[in-house]
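Trainee: I should like to understand how the terms applied to a structure follow from their definitions. May we take them in turn?
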Amino acid sequence: MPSTSAHSTQEIQGSSAFAGVTTQSEATIIYNLPFGDLLYRAHGIHRANFDPNAVQMSRLLSVKTGGCAEDCGYCSQSAHYPTGLKASKLMEVERVLAEARKAKEGGATRYCMGAAWRSPKDRDMDAIVAMVEGVRALGMETCMTLGMLTPQQSARLADAGLDYYNHNIDTSERFYSEIITTRSFADRLETLANVREAGIKVCAGGILGMGETAEDRISMLVTLANLPTPPESVPINMLIPIPGSRLANAQPIDPIDFVRTVALARVLMPTSYVRLSAGRTDMSDETQALCFFAGANSIFVGETLLTADNPGEDQDAALFRRLGLKAEQLERAE
């Protein structure tokens, strides 16, 4: 008589894709497959939808740092915690574009700009629009993360040509209030709906290692996969414990559990980019290699990720050479 895990494995391998998986129980079965079976399935789905040896290279710049009114327990930029980070004003447009040019010369094809705001003020929108238009003129994809957006702000960014808007849901709805109390899980989803309605592609993922359970990680991905249109880009972050923040002493996530979550993201969202985001400095080369095999196909390059450390470009280049990976080239229709 076959075991439950063997039966589940046969079901997984007998299905052509899992874009239609919608329930927590179905996703849990996939997450708990024997590790080799899970990676085999995820890699097959990845290979069917992407070049398995190409990785999207993105660059992230903090255009307005610190002083945020939100109390996100993981964040160095929250004004609620003594993290030692000094707040800054919004960067000048030309300085942002100068950094974007450097990023393009370094091989980045997507430029992401983040501001530590609860939501942007209307007086800031002219500069934000100019940044989007300027980066697009360089031939790069554009992404912004500015906090919560109204429908009007979303429409203005869409008119400027913004390609992606990042707004992570961070964790499950159940666990959300343990991490953030100044806005709700529903607020996050409302911004994603506003962005999508405006015609901007969605970038939304979460953070692992904040004290959540495996069920919370699964629930987070099921929520994203069940949006009317799943996010085109799904960043998976490993918590970087920030001294002074509420999660400064959080226990790190087990690397195998991290890889399982990446693999589940690939299975549930076959055509989305799955990005290894924060925390790569604490990942071994072997962990990153398993993540790439499991379906991760995007990283942030550069030595700084907003305010946290990130592997240097030389380190990434060396890893890519060892693994036979290459930077994905951007092809624009226009």
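Trainee: Which residues of helix α2 (residues 24-31) are buried?

Mentor: They are Ala27, Ile30 and Tyr31. Buried means under 20% relative accessible area, exposed over 50%, and partly exposed in between, with a 1.4 Å probe and protein chains only. A helix is a DSSP run of H or I of at least four residues and a strand a run of E of at least two, numbered from the N terminus.

Trainee: What puts these residues on the same side of α2?

Mentor: They cover an arc of only 100° around the axis, and therefore lie on the same side of α2. The arc is that of the directions from the helix axis to the C-beta atoms.

Mentor: The model is predicted: local features need pLDDT of at least 70 and side-chain atom pairs pLDDT 80 or more, whereas totals for chains, interfaces and linings use all residues. Residues are numbered from 1 along each chain as its sequence is written, and side-chain values use heavy atoms, leaving out hydrogens and water.

Trainee: Why is Cys112 not bonded to Cys143?

Mentor: A disulfide is a pair of cysteine sulfur atoms within 2.5 Å. The sulfur of Cys143 is the closest cysteine sulfur to that of Cys112, but at 4.1 Å it is too far for a bond. Cys203 is in no disulfide either, its nearest cysteine sulfur, that of Cys143, being 4.9 Å away. The count by this rule is 0 disulfides.

Trainee: Why is Arg280 called buried?

Mentor: Its relative accessibility is 1%, so Arg280 counts as buried. Arg280 lies in the loop between β8 (273-276) and α11 (285-294).
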